[in-house]
Amino acid sequence: MSNAERRAKDQLILAPDIVPAEMRPLVEAVEGRPDYARCVAHMLSSLGDRIDASAAARLAVALRMLAMNDVPVWIMTEQLIRKAVPDWHFAILKDRRRNSVYDDALKAMVEPDMTVLEIGTGSGILAMMAARAGAKHVYTLEVEPLLAEAARANIIANGYQDRITVINKNVIDVAIGSDLPERCNLIVHEIVSNNLFSQ
């Protein structure tokens, strides 16, 4: 860990590699302020169109993790995250009927000693359902780095960080023993494909 990363961790500020180069002087100017996260979120929402969409979204997710319970930070970062995430992710989250079917199925299938593997976590909603249903541990895969970070933020915000591990990898690249410390008892996914387990 570099000195800058150590300082970021100790002072609850953003790691330098998360902040786009064009914003670094502005962000450094507000370090130490009690409203640091809000200031950076406000800068980001003002400059968002001038910054690469994926870099802006990555910073937005980092701000949400830094200021977990700060509603204005979440509001100011919403549009930047939405620009980088496909619309169908948001439709899935709002589909109560679909979500209740998954929730009921997980409640029926998960047993307390089970380890669950979820493929394609997106927001982390199915992983959290599996943990809430009583899984000992849930390993959840997400190939898209921004979504993996967003899932981590959601999982922390909901208090499941001790029971859910997000792995930012494609399922075909995951190895038991290194990525997954153990074999899983149950696989959960919502990927509709004819090549899910093929190469």
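Here are five short exercises on the structure above, each with a worked solution.

Before you start: the model is predicted, so local features need pLDDT of at least 70 and side-chain atom pairs count only at pLDDT 80 or more, while totals for chains, interfaces and linings use all residues. Residues are numbered from 1 along each chain as its sequence is written, and side-chain values use heavy atoms, with hydrogens and water left out.

**Exercise 1. Take stock of the fold**

Work out how many helices and strands the protein has, and in what pattern they follow each other.

Step 1. Find the elements: helices (H or I, at least four residues) and strands (E, at least two) are DSSP runs, numbered from the N terminus. The protein has 9 helices and 4 strands.

Step 2. Read along the sequence, and the pattern is α-α-α-α-α-α-α-β-α-β-α-β-β.

Step 3. Turn to the surface. Accessible areas come from the Shrake-Rupley method with a 1.4 Å probe, and for residues only the protein chains shown count as cover. About 11300 Å² is exposed by the protein, and carbon and sulfur atoms supply 52% of it.

Step 4. Sort the residues: buried means under 20% relative accessible area, exposed over 50%, and partly exposed in between (1.4 Å probe, protein chains only). Of the 199 residues, 41% count as buried.

Step 5. Look at contacts, meaning heavy atoms within 4.5 Å. Among the contacts with a separation of 6 or more, 61% come from residues 24 or more positions apart.

**Exercise 2. Check two helices against the ruler**

Compare the expected span of α9 and of α3 with the distance between the end C-alpha atoms.

Step 1. Set the rule: the expected span of a helix is 1.5 Å times one less than its number of residues.

Step 2. Helix α9 (residues 145–157) has 13 residues and should span 18 Å; its end C-alpha atoms are 18 Å apart, which agrees.

Step 3. Helix α3 (residues 36–47) has 12 residues and should span 16 Å, and its end C-alpha atoms are 16 Å apart, in agreement.

Step 4. Add the buried positions. In α9 they are L146, L147, A148, A150, A151, A153 and I155; in α3 they are Y36, A37, C39, V40, A41, M43 and L44.

Step 5. Look just past α9: G159 follows the helix and has a positive phi, near 80 degrees.

**Exercise 3. Assemble the sheet**

Determine the strand order of the sheet and find which strands form its edges.

Step 1. Two strands pair if DSSP finds at least two bridges between them. The result is an open sheet of 4 strands with parallel pairing, in the order β3-β2-β1-β4.

Step 2. β3 and β4 are the edge strands, as each pairs on one side only. From one strand to the next, the twist averages 20 degrees.

Step 3. Follow the pairings. β1 and β2 run parallel and are joined by 5 bridges, with L117 standing opposite Y139 in β2. β2 and β3 also run parallel, joined by 4 bridges, and T140 has V166 in β3 as its bridge partner.

Step 4. Add a helix: α8 packs on the sheet, touching β1 (115–119), β2, β3 and β4, and its direction makes about 170 degrees with that of β2. For such angles, axes are lines fitted to C-alpha atoms, for helices over the stretch in contact, and angles run from 0 to 180 degrees between N-to-C directions.

**Exercise 4. Explain why β1 counts as enclosed**

Step 1. In β1, 5 of the 5 residues are buried, so the strand is largely enclosed by the rest of the structure.

Step 2. Check both faces: T115, L117 and I119 on one side are buried, and so are V116 and E118 on the other.

**Exercise 5. Trace the salt bridges**

Find how many salt bridges the whole structure holds, then examine some of them.

Step 1. Side chains of opposite charge can pair when their charged atoms come close. Here, a salt bridge is a side-chain nitrogen of Lys or Arg within 4 Å of a carboxyl oxygen of Asp or Glu. The search finds 8.

Step 2. In the D35 and R33 pair, the closest N and O atoms are 2.9 Å apart. D35 is partly exposed at 31% relative accessibility, and R33 is partly exposed at 41%.

Step 3. E182 and K136 meet at 3.8 Å, N to O. This pair links distant parts of the chain, 46 residues apart: E182 is in the loop between β3 (164–167) and β4 (186–189), and K136 is in the loop between α8 (125–132) and β2 (137–141).

Step 4. K169 and D179 form a salt bridge with the closest N and O atoms 3.0 Å apart. Both lie in the loop between β3 and β4, so the pair ties together parts that are 10 residues apart in sequence.

Step 5. Finish with a network: salt bridges that share partners join D103, K107 and R132.
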